[in-house]
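Subject: Structure handover and notes

Dear colleague,

Here is the structure we spoke about, for you to open alongside these notes. Please keep it in view while you read.

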Amino acid sequence: MDPAAQDGNGNGAPEDLPPPPPVPPNVTPTKVVEETKKVLRVPMARRGLGTKGNKVPILTNHFKVNVTNVEGQFFHYSVALFYEDGRPVDGKGVGRKVLDRVRDTYDSELGGKEFAYDGEKSLFTVGSLPRNKLEFTVVLEDNTSSRNNGNTSPGRTSPNDSDRKRLRRQFHSKTFKVEISFAAKIPMQAIALALRGQENENSMEALRVLDIILRQNAAKQGCLLVRQSFFHNDPKNFTEVGGGILGCRGFHSSFRATQSGLSLNIDVSTTMIIQPGPVVDFLIANQNVRDPFSVDWAKAKRTLKNLRVSTSPTNQEYKITGLSEKSCKEQLFTLKQRGKDSSEAETTEVTVYDYFVNNRNIDLRYSGDLPCINVGKPKRPTYFPIELCNLVSLQRYTKALSTFQRSSLVEKSRQKPQERMSVLSNALKINNYDAEPMLRACGVSINNSFTQVEGRVLQPPKLKVGNGDDLFCRNGRWNFNNKRFVNSCKIERWAVVNFSAPRVDVPGLVRDLTRVAETKGLTVEEPFDIFNENQQFRRAPALVRVEKMFEEVQSKLPGPPKFLLCLLPERKNCDIYGPWKRKNLSDFGVVTQCLAPGRVNDQYLTNLMLKINAKLGGLNSMLAGEISPSIPVVSKLPTLIMGMDVSHGSPGQSDIPSIAAVVSSRQWPSISRYRACVRTQSPKVEMIDNLYKPVSDTEDDGIVRELLVDFYVSSGKRKPDQIIIFRDGVSESQFNQVLNIELTQIMEACKNLDEKWNPKFVVIVAQKNHHTKFFQPNSPDNVPPGTIIDNKVCHPRNNDFYLCAHAGMIGTTRPTHYHVLYDEIGFSPDDMQELVHSLSYVYQRSTTAISVVAPICYAHLAATQLGQWMKFEDASETSSSHNGSAPGPGGAPAVPPMPTLKESVRNSMFFC
């Protein structure tokens with residue numbers, strides 16, 4: 001290009017375009033219609049702070065952070081690791097060792113810079129490194145040498161030089177090539193943007209760098225890192241939960257942008273680890289057997305795979321790849337050793353037991369008749385006697401815990417508020433973040449005192465029971481002593497089925513239940529019969545037991561029952577529960593209540609009646625504001641309240657469908673009655689994908705249509721003008737998906753019903769899985785129920801608040817973090833907070849305020865209960881070929897549909 005054609009900025013001036021071609025006479029040009037760009041919804045900004053309630057000072061586990069180097073810049077570098085032959089390093093864990101060696105060896109080439117490394121592919125410095133691309137070669141001693149060559153036991157050489165060879169092999173070295181390349185600059189000014197609520201990619205990344213610095217600090221101390229939590233290898237932090245599994249107490253730490261500036265949120269955290277020490281001791285505990293000779297070795301092989309062991313006497317670390325086929329005394333391998341008369345190696349077959357006892361002079365006490373641990377490769381095994389293997393500490397256990405383990409963990413990891421505060425103060429001192437060089441380079445200093453915020457304690461809402469009586473709440477609790485339910489049902493055409501032991505006095509139980517029910521205002525007819533399970537089916541599979549019981553019930557009852565009381569043999573995890581519920585609700589449309597008769601007293605029976613009354617269409621208590629409609633905003637116009645939750649399979653169960661449950665209020669102006677709609681969806685998918693499901697131009701088979709039609713029918717043929725959605729189980733990174741995927745589906749479902757109908761929407765996310773805790777200064781008690789916080793530690797821009805609606809009786813209260821993402825109605829902060837607080841008092845199953853709004857609890861209950869149905873389905877029944885659904889995308893099996901509820905129970909609170 002001619003230099004004269006350059007403009008002042010060095011850019012070429014636009015050249016004249018050629019004229020467009022002529023339009024043929026018989027063609028009418030079509031005008032290009034520009035697509036209107038879809039506006040994405042984002043979380044709304046805060047409209048103000050609430051003022052209602054008694055003001056109280058509250059301490060929180062956020063620690064003020066000052067940043068002085070605001071003009072500085074983080075430099076982001078990408079890290080690539082290769083072996084000597086150019087193969088990329090894909091194994092996790094080696095990266096930190098390699099980068100530590102780079103720091104030690106090449107300090108001057110790095111310009112003496114400290115760096116923060118995330119353990120994978122990113123490295124950050126304050127200010128730049130000397131060059132944009134750096135390449136280093138480092139050598140690491142491989143002391144985890146699971147890379148012994150040969151299908152032999154380590155130590156295949158002659159007795160004379162075995163120790164010398166083992167030493168040499170122990171420090172077998174490995175060479176790595178490291179490439180560090182410039183990727184991006186992140187101005188520290190971005191942190192200031194985050195504090196103003198103007199979050200962008202840079203501000204999120206800058207806070208991530210600070211979190212990585214803390215993770216690296218913990219890694220240097222030998223901690224186990226789990227996301228933003230770290231766990232020290234200190235037996236004082238371990239607690240047994242059963243089955244060879246330990247709870248390990250550690251700390252969560254993360255930097256958060258809040259209204260009062262940057263803060264460091266530190267909390268106690270717990271993870272599960274494998275019991276360190278002798279492998280045999282772990283297996284005995286894991287399988288609950290008396291000695292190693294009773295161990296199920298097929299199960300042990302699955303349990304031990306990929307765990308790390310150190311071996312005696314050299315203390316080398318290896319990864320377990322399997323077990324030997326034969327016992328230690330029978331398992332042969334090829335031993336190479338030099339002959340006395342020739343320099344060539346001779347090979348002989350020898351057992352693992354003989355090799356360790358005779359060649360290595362190691363006394364084996366009990367492992368001769370047990371399998372060996374294999375730490376080699378599939379075709380080249382390397383065996384060790386099991387008694388020489390010790391499980392290394394801090395190995396995470398990621399499978400689902402049993403009910404017993406879970407309750408043991410909860411019980412042992414509880415901490416009273418004062419104890420938790422003391423532990424957190426000590427954690428801050430021990431970690432000594434002020435001495436961390438990277439934080440100093442950033443100009444970051446952390447205050448070591450708990451942040452004080454202003455809390456407000458809301459008054460509990462007024463509750464009403466039968467005969468117009470008031471219920472008085474004290475400390476978030478009430479009782480039904482000498483009170484009747486506000487709306488009592490009639491228990492008629494019912495029977496008792498007994499899967500439990502014959503020693504239970506069932507007629508006595510029925511008498512007591514009837515007496516308690518009548519004091520609460522219920523009318524109870526005599527049960528038609530008591531069906532005791534036939535002894536011959538007691539050991540049959542759960543599905544068979546349920547079928548046989550139903551056959552007997554059907555053969556003897558004159559017509560279908562309205563209610564069945566079911567006595568189960570076990571309180572928790574009874575395998576009859578799922579099939580029984582499914583048979584009743586899906587096949588026959590019968591309301592059922594299960595119980596395990598243990599210590600049954602009047603209090604227990606009253607609690608049971610709360611559930612039975614709600615399931616049969618009654619109501620136990622309700623807000624005074626529902627009876628004489630006076631709930632702000634909600635009572636003025638027909639309002640539908642929804643609760644949405646998705647339940648996923650246990651960890652490690654990647655093929656079990658996720659279960660989406662949506663509950664909705666009915667019979668407006670009531671906000672205490674709900675019904676549920678439950679569907680299956682692809683495993684581990686959090687966004688609900690069946691909210692709107694058009695099957696033709698006019699037909700919609702989605703969840704929302706079903707709920708809207710029920711509201712219309714039950715609320716005097718009125719459509720809701722306002723729809724308030726409570727969503728559980730989503731993280732902050734998924735808020736935009738809730739607004740732009742789920743809310744859009746709900747709006748489309750409304751439009752599909754009536755094109756001219758424009759209800760107003762509110763979307764609120766409830767989070768329990770966070771690490772903010774609140775404490776009363778100078779008091780050993782938890783914060784009082786109704787405590788609300790919407791200042792200082794909340795988001796600098798978004799509309800969020802914390803609420804402790806319930807009374808924390810044990811441990812430290814975990815507040816619920818509510819995020820109001822969208823509000824077309826225009827709630828004032830006080831009205832919104834009052835509504836959320838009131839919805840914690842309408843849960844029909846309990847006589848306490850609950851920690852999260854009732855619609856979300858109900859959605860969770862419905863998803864969990866129907867999940868039990870799927871759990872016990874026969875594999876062939878749930879496979880796609882048997883339910884007629886076509887394979888999913890990519891040939892993946894289609895998700896089996898959820899069995900539908902019978903019409904007679906569809907609108908009931910069956911999930912109570």
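The notes below go through the aromatic pairs, one central strand and its partners, and a few buried residues.

Please bear in mind throughout that this is a predicted model.

Aromatic rings

The count of aromatic pairs comes to 23. One of the rings to look at is that of Y83, whose centre lies 5.6 Å from the centre of the F176 ring, and because the two planes stand at 40°, which falls between the limits of 30 degrees for stacked and 60 for edge-to-face, the pair is classed as tilted. This pair brings together distant parts of the chain, since Y83 belongs to strand 2 (residues 73-83) and F176 to strand 6 (residues 173-187), with their positions 93 residues apart in the numbering. Both partners are covered: Y83 has a relative accessible area of 13% and is therefore buried, the limit being under 20%, and F176, at 3% relative accessibility, counts as buried as well. Elsewhere, ring pairs join Y318, F333, Y355, F356 and F384 into a cluster.

Two arginines are also placed over rings. The charged end of R41 sits over the ring of Y822, at 6.0 Å from the ring centre, while R103 lies over the face of F115, with 4.2 Å to the centre of that ring.

Strand 32 and its partners

Strand 32 (residues 658-665) is mostly covered, with eight of its eight residues buried. The side chains alternate, in that S658, A660, V662 and S664 point one way whereas I659, A661, V663 and S665 point the other way, and all of them are buried. On one hand, strand 32 is joined by six bridges to strand 31 (residues 639-647), the two running antiparallel; on the other, eight bridges join strand 32 to strand 33 (residues 674-681), again in an antiparallel arrangement. V663 takes part in both pairings, being the bridge partner of G643 and standing opposite A676 in strand 33.

What surrounds S665, which also lies in strand 32? Leaving aside neighbours within four places in sequence, S665 is in contact with T639, L640, I641, S670, R673, Y674 and F711. Its relative accessibility is 0%, so S665 counts as buried.

The largest nonpolar core

Which residues touch the most other members of the largest nonpolar core? Among its 87 residues they are I724 and Y858, and the element that gives the most to this core is helix 19 (residues 854-871), with eleven residues. Beyond residues up to four places away in sequence, Y858 touches V663, Y674, V842, Y843, Q844, M909, F911 and C912, and V663 in that list is the strand 32 residue that stands opposite A676. As general background, nonpolar side chains in soluble globular proteins tend to be buried together.

A buried valine in helix 4

Finally, V209 is found in helix 4 (residues 201-220) and is buried, with a relative accessible area of 0%. Not counting residues up to four places away in sequence, V209 touches F74, F124 and I186. V209 and Y117 are 92 residues apart in sequence, yet their C-alpha atoms are 9.0 Å apart in space.

With best regards

Methods
Residues are numbered from 1 along each chain as its sequence is written. This is a predicted model: local features need pLDDT of at least 70, side-chain atom pairs count only at pLDDT 80 or more; totals for chains, interfaces and linings use all residues. Side-chain values use heavy atoms; hydrogens and water are left out. Rings of Phe, Tyr and Trp (its six-membered ring) pair if their centres lie within 6.5 Å; planes under 30 degrees apart count as stacked, over 60 as edge-to-face and the rest as tilted. Helices (H or I, at least four residues) and strands (E, at least two) are DSSP runs, numbered from the N terminus. Buried means under 20% relative accessible area, exposed over 50%, partly exposed in between (1.4 Å probe, protein chains only). A charge sits over a ring if NZ of Lys or CZ of Arg is within 6 Å of the ring centre and within 35 degrees of the ring normal. Two strands pair if DSSP finds at least two bridges between them. Contact means heavy atoms within 4.5 Å. A nonpolar core is a set of buried Ala, Val, Leu, Ile, Met, Phe, Trp, Tyr and Cys residues joined through side-chain atoms within 4.5 Å.
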